[in-house]
Number of protein chains: 2
Amino acid sequence: MDNTPLPLASTFVSVLQQVLGAPEKGFSLHEPEFAGNEWKYVKECIDTGWVSSIGKYVDEFERCLATYTEAKHAVAVVNGTAAQHIALLLMGIGPGDEVIIPSLSFVATANAVAHCGAIPHFVDSTERTLGLDPEALEKHLKQTTERAAGGLRNTLTGRRIAGIVPMHTFGHPVEITELLEVAGRFGLPVIEDAAESLGSYYQGRHTGTFGHLGILSFNGNKVITTGGGGAILTNDSELARKAKYLTTTAKRPHRWEFFHDEIAYNYRLPNLNAALGCAQLERLEDTLARKRQLTERYREVFQSAHGLHFVEEPKDCHSNYWLNAVRLIDPSMSARDILLSTANDAGFQCRPAWTLLHKLPMYASCPRAELPTAEKLEASLINIPSSAYLAELSR
Amino acid sequence: MDNTPLPLASTFVSVLQQVLGAPEKGFSLHEPEFAGNEWKYVKECIDTGWVSSIGKYVDEFERCLATYTEAKHAVAVVNGTAAQHIALLLMGIGPGDEVIIPSLSFVATANAVAHCGAIPHFVDSTERTLGLDPEALEKHLKQTTERAAGGLRNTLTGRRIAGIVPMHTFGHPVEITELLEVAGRFGLPVIEDAAESLGSYYQGRHTGTFGHLGILSFNGNKVITTGGGGAILTNDSELARKAKYLTTTAKRPHRWEFFHDEIAYNYRLPNLNAALGCAQLERLEDTLARKRQLTERYREVFQSAHGLHFVEEPKDCHSNYWLNAVRLIDPSMSARDILLSTANDAGFQCRPAWTLLHKLPMYASCPRAELPTAEKLEASLINIPSSAYLAELSR
């Protein structure tokens with residue numbers, strides 16, 4: 001790799017400097033902010049002793065998440081991967097099934113499929129949203145599947161294709177209506193991976209509430225955090241009940257008896273973490289507003305950066321701009337890496353998109369469609385510092 | 001069921017009253033206590049923003065756990081079930097294997113086996129320890145297994161038997177040396193379920209450090225709590241490294257790249273929860289000392305309670321007495337339930353042992369040995385209020 005800083009790398013760093021100023025201690029990619037009732041609620045857990053599986057904050061957090069997203073139900077769990085695992089199980093996905101996911105996603109999207117004993121099946125993304133491409137999906141399903149007794153069959157592997165998991169990349173909503181239409185034509189359930197998109201809307205409706213089930217993540221790098229945490233969203237009361245049951249060891253309610261009637265999981269979110277989540281949610285709108293100010297500033301300044309394109313929210317969408325991103329107009333892994341190395345050296349924490357999932361050794365032999373756009377995006381996307389507090393610096 | 005309070009039920013409640021006094025708001029089974037640096041450490045996480053996957057408390061908690069248990073390594077994870085799941089995977093347990101576990105255990109012991117795609121295989125417990133019976137185990141393995149190319153084969157099911165999971169019931173150490181000898185004779189690895197036995201020693205050595213791997217739990221009802229949490233203990237550095245890797249998405253270290261090379265898990269303990277754990281560990285000795293005072297008092301007073309036998313730590317063992325327990329000298333589910341109902345009505349939270357795992361519908365068809373002692377224990381064990389703070393009331 002040629003390590004000479006390209007003019008592009010200088011341009012990149014100079015734009016970051018223009019927006020954020022000189023990094024004294026470095027600007028990290030995304031920092032959480034605890035400026036509200038976090039102390040108060042967490043201290044209350046410690047003072048009352050309710051830190052674990054029982055306590056009011058889990059219920060309260062679930063209520064607030066449902067209210068905010070306008071999902072009928074939210075079930076809080078220990079993290080986004082756990083949420084996705086249970087959501088897939090609830091859609092009947094099991095050993096030997098294939099599940100359609102984008103190759104351009106965090107590894108958890110594929111791992112959750114593997115945790116069900118199922119096999120990821122990769123389909124291409126679109127530049128319009130950075131998420132699953134409805135047209136590529138439809139074309140691929142037409143070419144490689146057939147209706148069979150047990151459902152949709154992959155004619156190449158003979159396995160059942162059992163679901164589709166679109167993911168809202170960096171918070172930008174996918175074309176969910178179109179994806180649901182394709183899924184409907186092929187009889188597939190849709191589990192929406194909204195891990196990154198709390199506060200993102202597609203045509204005015206919150207992401208994660210379109211599919212049969214949706215999931216959220218509250219990891220430390222997300223727009224709100226519970227330390228570690230996640231949630232399952234659904235409008236189906238029976239699925240919500242089942243999600244709660246499966247994530248809390250499937251214990252039948254009884255005054256003292258321990259009777260469990262299904263193989264289930266310990267995926268409950270502790271009350272301590274839910275308390276943090278309640279406080280974080282109270283300030284979410286303010287956090288998102290400041291993140292948007294930062295985005296506006298980036299958008300403006302990157303306009304004059306030749307060779308770089310600032311990634312904007314898709315049409316008809318309102319994005320949370322979880323992670324702001326730029327794209328190299330000429331995709332190149334080596335050019336991308338020079339930008340990453342130059343910016344990180346200069347104190348601006350930047351990262352590429354994830355290594356495409358079909359390139360990871362454990363998923364390399366999984367079935368897949370042609371993935372030209374995902375390849376292009378992998379070689380061009382760079383995430384830049386996106387914490388809400390940076391808005392103040394960028395005024 | 002005959003609901004007439006037996007004289008035994010009156011005796012039971014009167015002993016509880018004699019030890020604890022009259023319950024004003026009720027005495028729960030086991031409450032956590034936050035009387036040390038809990039708030040200080042948790043507040044530091046919130047103030048610095050390090051609540052999630054990065055931060056000093058996870059490392060610190062792991063170091064302190066290793067020091068306390070004298071295990072060479074401790075790997076903190078999100079809960080005890082997750083710890084057990086990973087420990088089993090690290091022992092090579094996979095789909096179609098059978099794993100020997102006691103039928104008298106919490107459902108998580110069986111669930112973790114099922115999460116590997118493996119099948120629980122139940123063996124009897126002994127009255128001496130309430131845990132796996134080494135003699136019953138040896139006899140059962142002799143009668144029902146044979147050495148085969150892939151390892152030990154269950155001659156009835158044809159499946160491989162791939163490991164043994166002894167569990168230290170209510171904190172009382174099992175006969176781990178004898179179990180290890182039997183395991184050694186049959187070539188089986190031992191994964192020690194020490195979820196309930198932090199602070200319990202067998203012949204001066206901490207439980208969870210005898211087997212190839214051991215696990216701990218820090219759920220809200222345990223002797224220390226992190227809200228939800230667990231740990232894997234091992235003296236094998238390579239297993240410890242692998243445990244950390246598998247519980248943190250198997251990500252190869254890199255300045256920015258996302259490259260993962262195994263199907264792995266998001267089982268990391270958040271820093272916020274580890275902070276609580278660090279503070280809790282600092283006061284563990286004090287907590288255990290007070291719990292022991294309470295136990296002494298129970299032991300003394302139950303001596304005069306005809307028909308009831310107070311469960312004491314096994315020979316050569318030092319138990320944490322996580323949950324104090326009594327046994328009905330004449331086992332009877334209906335008599336047990338009358339005691340439970342009378343005591344709970346009177347404000348003393350009591351519970352039976354778990355429903356035997358082989359009686360739960362999802363494990364009813366799993367292979368099993370004769371289980372006469374487990375059956376007897378199920379119909380006779382009752383746990384009684386065991387929080388450390390009760391020691392003060394019982395003076």
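Biologist: What rotation and what shift along its axis superpose chain B on chain A?

Modeller: This is a predicted model, in which local features need pLDDT of at least 70, side-chain atom pairs count only at pLDDT 80 or more, and totals for chains, interfaces and linings use all residues. Residues are numbered from 1 along each chain as its sequence is written, chains are lettered from A and ligands numbered from 1 in the order in which they are written, and side-chain values use heavy atoms, with hydrogens and water left out. Copies are superposed by least squares on the C-alpha atoms of residues with pLDDT of at least 70 in both. Chain B falls on chain A with an RMSD of 0.0 Å after a rotation of 180 degrees and a shift of 0.0 Å along the axis.

Biologist: Which relation is that, and what percentage of the contact residues of chain B recur in chain A?

Modeller: The relation is that of a two-fold axis. The same surface serves both copies, where contact means heavy atoms within 4.5 Å. The share of the contact residues of chain B that recur in chain A is 98%.

Biologist: Where does UniProt place the feature "modified residue: N6-(pyridoxal phosphate)lysine"?

Modeller: The feature comes from an unreviewed UniProt entry. UniProt positions are given in the numbering used here, feature names are shortened, and annotations may be inferred rather than shown by experiment. The record places this one at A:Lys222.

Biologist: Is A:Lys222 buried or exposed?

Modeller: A:Lys222 sits in the loop between β10 (213-217) and β11 (230-234) of chain A; strands are DSSP runs of E of at least two residues, helices runs of H or I of at least four, both numbered from the N terminus. Leaving aside residues up to four places away in sequence, A:Lys222 touches A:His30, A:Ala195, A:Glu196, A:Ser217 and A:Trp322. Buried means under 20% relative accessible area, exposed over 50%, and partly exposed in between (1.4 Å probe, protein chains only). At 10%, A:Lys222 is buried.

Biologist: Which residues does B:His140 touch, not counting those up to four places away in sequence?

Modeller: B:His140 belongs to helix α6 (residues 134-144) of chain B. Its relative accessible area is 9%, so B:His140 is buried. The residues touched are B:His121, B:Val123, B:Arg368 and B:Ala369.

Biologist: What is the phi of B:Gln203?

Modeller: B:Gln203 is in the loop between β8 (201-202) and β9 (205-206) of chain B. B:Gln203 is exposed, with a relative accessible area of 51%. Its phi is positive in a residue other than glycine, near 45 degrees.
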